[in-house]
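Student: Hey, got a minute? I've got a structure open and I'd like to go through it with you.
Tutor: Sure, put it up and ask away.

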Amino acid sequence: MTRPPGKPPVRHAPFQVERQSFRRRRLIDAACALPLLGWVLWWLPLLWRGADAPVPASLVLVYIFGIWLGLALAAARLVRLLGRARNVSPLPEGEDP
Amino acid sequence: MSILNLLAAISIAYVALLFGVAFFAERAAQSGRVRWLRAPIVYTLSLSIYCTAWTFYGAVGSAARNGFEYLTIYLGPSLVMLGWWWILRKLVRIGRNQRITSVADLISSRYGKSNLLGIGVTILAVIGTTPYIALQLQSVTLSVEVFSEPVPIEEAGNSLTAFWVAAGLAVFTVIFGTRNLDANERHHGVVMAIAVEAVVKLTALVALGVFVVWGLSGGVAATLARIDASELGTWQVNNGRWAGIMLLSAAAFLCLPRMFQVLVVENDNDAQLRMAAWAFPLYLMAMSLFIVPIAVTGLDLLPEGANPDLFVLTLPLSQGQEGLALLAFLGGFSSATSMVIVAAIALSTMVSNHIVMPVWLRLREGTASVSGDVRNVVLLSRRLSIAGVLLLGYLYYALSGGRTELAAIGLIAFTGVAQVLPALMGGIFWRGATRVGALAGLTAGFSIWLYTLYLPSFGPGTVLPASWLADGPLGLTLLRPEALFGISFDDKLLHAVFWSLLLNTLAFVGGSLFSAASPLERLQGAQFVSARAAGTGPRSWLQSTAESEDLMVMTQRILGSDEAQALFLREARAQGLEGELPAPTPEFLQVLERELAGSVGAATAHAMVGQITGGAMVSVEDLMAVADETAQMMEYSARLEAQSLELSRTAAQLRRANDKLTRLSVQKDAFLSQISHELRTPMSSIRAFSEILRDTQGLTRADQNRYASIIHDEAMRLTRLLDDLLDLSVLENGQVNLNLTDGRLEDILDRAVSAALADEAGSGIRVIRRRVGEQVRLTTDVERLSQVFINLISNARKYCDAAEPELRISVTEARGQLLVDFIDNGSGVAPEAQDVIFEKFARVSDQKAGGAGLGLAISRQIVTRLGGDISYLPDRGGAAFRVSLPVRQAMAAQ
């Protein structure tokens with residue numbers, strides 16, 4: 001069997017590995033950014049001084065707990081994706097499992 | 001009173017259940033079923049000891065008093081868990097790799113195993129935790145009182161409930177907290193028990209919340225409306241406290257001894273942390289979700305002046321829900337007991353490792369101690385420490401009267417332990433942090449905390465004089481405990497947190513910048529800051545087969561297979577296992593280590609065995625010891641190598657000398673036999689003819705003449721031989737003085753030719769010369785050089801066997817050498833003889849034996865002295881000799 005001329009053999013591996021490690025790096029960045037995001041969002045209510053009417057407590061309660069739930073779920077998702085990325089790709093330098 | 005008995009029965013039954021769980025978990029751990037004990041969910045649940053009775057009861061109280069501020073206490077730790085990749089991952093790895101046993105141990109190890117720092121952190125932890133334990137005892141007592149008839153307030157502190165709770169917890173903790181002395185300080189039983197408690201308290205609080213929201217308020221929307229309508233209805237929060245307490249609780253989450261125990265010490269692998277990263281924030285959220293509804297409903301339904309700290313119990317009781325109230329009581333009881341148990345374990349580890357053991361070892365210094373000995377002492381000191389810590393908590397409770405608001409005590413303790421934070425974070429992220437810095441920071445933070453928050457909390461006039469609180473010490477208003485430098489923040493807690501952490505950090509950074517680290521400190525710093533994972537979690541000794549095999553393989557490599565097999569067989573027999581590998585019991589490991597130590601050194605053996613059985617990383621001290629041993633061995637082997645090299649060099653020299661001596665002896669023998677032969681021949685003819693002359697009568701005149709001239713000839717020959725020998729020996733010894741003069745090569749050759757052919761004029765050989773080439777000036781010993789030429793020419797005359805003998809003498813110059821060739825037309829020297837013709841007494845044949853065979857040997861010596869060379873040229877038709885002389889002695893004639 002001869003290969004049609006001009007078509008080099010398909011070489012997936014290096015490209016994929018690179019993409020996986022890039023992806024993993026982005027996931028790590030996201031994991032690092034998550035607490036900062038939570039911090040900012042949870043400090044945001046400090047600026048809520050209702051101009052005309054005071055902010056109702058129930059709204060703040062829903063806001064804070066909503067963020068709480070969202071952050072926890074996001075963290076769970078990130079942990080899962082990180083686990084998957086770790087299983088397929090070699091580690092980026094300087095990082096450990 | 002029956003309700004109290006019921007409570008007691010329930011509590012005892014509950015504690016019995018915990019005993020059962022802990023016992024079962026320990027048994028499972030021992031028989032190797034550790035998978036589920038190390039499940040991430042168990043780890044996550046065990047973290048719930050963050051939520052103590054303070055949370056369980058106090059959060060509602062705090063919400064009722066201060067609104068939403070209580071949330072910050074959970075938001076801070078949630079952020080820490082969500083940011084696990086930043087701090088916890090590293091902390092947990094360091095904890096595993098360095099076999100860290102407590103927060104004091106971490107600080108002490110990081111800063112060069114400084115025991116002073118260990119003691120400091122331990123004292124800080126004890127002082128910070130004691131009120132906290134008192135708080136738990138108090139909450140249990142209060143909760144019991146809720147069910148009984150109200151007890152007069154003054155008697156509360158004297159309640160026996162607190163004492164029995166403390167005693168019971170001490171027993172539980174001693175039994176499960178000091179069961180085994182594991183190097184990793186893991187307590188499977190305790191962790192399992194507190195995981196169960198975590199479920200109990202969450203269930204209790206959620207059940208109550210569901211009852212409040214759906215049972216009392218009529219659904220989510222109605223509850224939200226009720227909240228908005230209550231006195232908590234508008235969003236009002238002190239910005240400073242919101243931000244400050246969030247940071248404070250995040251810091252305390254990392255530094256609290258009990259949190260460090262479950263977060264770091266009990267951690268076994270990264271998977272646990274990965275799950276806790278999202279599951280624990282969820283747990284905290286669930287724990288705090290119903291706090292506000294409960295508080296609001298309690299404020300609504302309960303009479304004015306009811307203690308909001310006890311709404312969790314009084315609310316269901318007031319609604320006739322006794323069962324729910326009992327569940328809530330159990331939840332609170334769980335919260336209190338789990339916190340006390342873990343805190344007692346953590347503190348006892350610190351107290352025993354950093355205070356009791358160093359003191360004991362110092363007292364025992366000089367006396368030989370057995371390892372089993374130390375083990376018992378450690379266990380005893382742990383047990384006593386646990387009892388001591390609980391006793392302290394009880395005393396604090398009994399003395400303080402147990403009437404302070406729960407949340408206030410909790411935050412004071414938080415601020416105290418948060419003082420460890422700068423040293424902790426600096427220790428794992430900043431290599432430049434030093435012991436001096438850590439000590440300065442801790443001292444500064446600790447003393448400011450004591451002065452501004454802890455001591456004033458006892459009330460004016462108790463510890464600090466009231467005048468100090470009002471006007472500052474000695475009237476210095478700038479140093480007022482609650483308004484340092486005139487800044488009060490309008491809040492004691494914020495004031496203390498700000499100044500203590502600020503000055504702590506400044507002292508830490510400053511101290512680190514202006515001090516130098518010891519080598520051990522630097523090594524530890526590097527290890528902590530650049531901590532890498534040691535692969536999976538530590539392997540347990542429970543995987544016994546695999547380990548025994550590993551040990552066997554390693555031992556074979558070191559001891560050799562026969563000895564290793566014999567050792568393992570012996571040990572297996574000692575353990576009662578026939579035909580199997582021995583189990584890696586501590587006794588066996590000790591024996592093995594000792595055996596290996598004989599071969600590789602104690603530290604190396606320990607590290608190797610530890611690597612296989614403990615799976616833990618080798619610490620810097622181990623490595624330094626290993627390096628020492630290795631260096632010693634290398635030095636020793638290098639010395640051996642140098643010695644053996646020298647020996648073999650000497651041996652080679654001796655061999656060469658011996659060879660030379662043998663050769664010289666052979667030469668000497670040959671020379672002697674040659675010389676005696678050479679001397680003997682003329683001597684015998686001289687003797688024979690002189691005897692004829694003496695003894696024979698009537699010899700004719702002619703005969704007499706003939707005989708006398710034969711004697712004369714032979715005597716001449718002897719003389720020549722002796723002259724030659726003398727000449728040769730002088731030349732060989734280098735004693736000859738060269739008489740360097742100028743001369744032309746042509747003249748030297750002329751003289752040589754006429755001298756060589758003089759005695760047999762006319763007859764013999766025809767000499768062919770090319771005089772053009774001979775016009776060369778030489779600075780040389782003319783006499784000696786012509787002696788060489790004479791010898792060569794007379795050799796040609798003697799040995800040339802051609803019918804018409806011819807000798808061709810040609811002179812050429814090549815490569816800075818003057819070449820004088822003597823080539824005759826005879827048959828030449830036989831190839832096998834060409835090697836030896838320059839040796840002494842070498843004669844090609846006896847056919848025309850005219851000389852002693854010294855001529856060429858002498859010639860070579862002379863030419864060598866003159867800086868040249870003489871050689872035989874093979875394949876030139878006849879005998880061909882080449883004399884080469886250096887050109888510096890030759891100069892073309894002007």
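Student: OK, which residues does B:Cys255 touch, not counting those up to four places away in sequence?
Tutor: This is a predicted model, by the way. In it, B:Cys255 touches B:Val103, B:Phe260, B:Val417, B:Ala418, B:Val420, B:Leu421 and B:Leu424.

Student: And what core is B:Cys255 part of?
Tutor: The largest nonpolar core, which has 192 residues. B:Cys255 is listed there with B:Ile107 and B:Val312 as the residues with the most contacts inside that core.

Student: Which helix gives the largest share of this core?
Tutor: That's helix H16 of chain B, residues 322–363, with 20 residues.

Student: Why would nonpolar residues gather like that?
Tutor: In general, nonpolar side chains in soluble globular proteins tend to be buried together.

Student: What other core lies apart from it?
Tutor: There's another one of 39 residues, and B:Leu749, B:Val811, B:Leu818 and B:Leu854 are among them.

Student: Back to B:Leu421 and B:Leu424. Which buried residues does H19(B) have?
Tutor: Those two are on the list, along with B:Pro422, B:Ala423, B:Gly426, B:Gly427 and B:Ile428. Helix H19 of chain B runs over residues 421–429, and 7 of its 9 residues are buried, so call it mostly covered.

Student: What covers the buried residues of H19(B)?
Tutor: Several helices of chain B, including H5 (88–97), H6 (103–110), H11, H20 (435–454), H22 (492–513) and H23 (519–529).

Student: Let's try another helix. How far does H31 of chain B reach from its first C-alpha to its last?
Tutor: It reaches 26 Å over its 18 residues, 782–799. That is close to the 26 Å expected at 1.5 Å a residue.

Student: Why is H31(B) said to be largely enclosed by the rest of the structure?
Tutor: Because 14 of the 18 residues of H31(B) are buried.

Student: Switching to strands: which ones pair with S9(B)?
Tutor: Strand S7 of chain B, residues 817–824, pairs with S9(B) in the antiparallel sense over 7 bridges. Strand S8 of chain B, residues 869–872, also pairs with S9(B) in the antiparallel sense, over 4 bridges.

Student: Which residues in S9(B) stand opposite B:Leu819 and B:Tyr872?
Tutor: B:Leu819 stands opposite B:Ser884, while B:Tyr872 stands opposite B:Phe881.

Student: Is S9(B) mostly covered or mostly exposed?
Tutor: Mostly covered: S9 spans residues 880–886 of chain B, and 5 of its 7 residues are buried.

Student: Zooming out, how many helices and strands are there in chain B?
Tutor: There are 32 helices and 10 strands. Chain B has 894 residues, and 44% of them count as buried.

Student: Now the two chains. How many residues does each give to the contact?
Tutor: The contact takes 30 residues from chain B and 30 residues from chain A. On the chain B side, the elements giving two or more residues are helices H4 (72–82), H10 (220–229), H11 (239–255) and H13 (270–289).

Student: Which one gives the most?
Tutor: H13(B), with 8 residues. By class, the side of chain B that touches chain A has 21 nonpolar, 5 polar and 4 charged residues.

Student: Last one, in chain A: why does A:Gln20 count as partly exposed?
Tutor: Because A:Gln20 has 18 other C-beta atoms within 10 Å, and a residue needs 20 or more to be buried, or 12 or fewer to be exposed. A:Gln20 is in helix H1 of chain A, residues 13–43. A:Gln20 and A:Ala85 are 65 residues apart in sequence and 6.5 Å apart in space, C-alpha to C-alpha.

Terms used. Residues numbered from 1 in each chain as written. Chains lettered and ligands numbered in written order. Predicted model: local features only at pLDDT ≥ 70, side-chain atom pairs only at ≥ 80, totals over all residues. Contact = placed C-beta atoms within 7 Å. Nonpolar A, V, L, I, M, F, W, Y, C, P; charged D, E, K, R; others polar. Pairing = 2+ DSSP bridges. Core = buried A, V, L, I, M, F, W, Y, C linked by C-beta atoms within 7 Å. Expected span 1.5 Å × (residues − 1).
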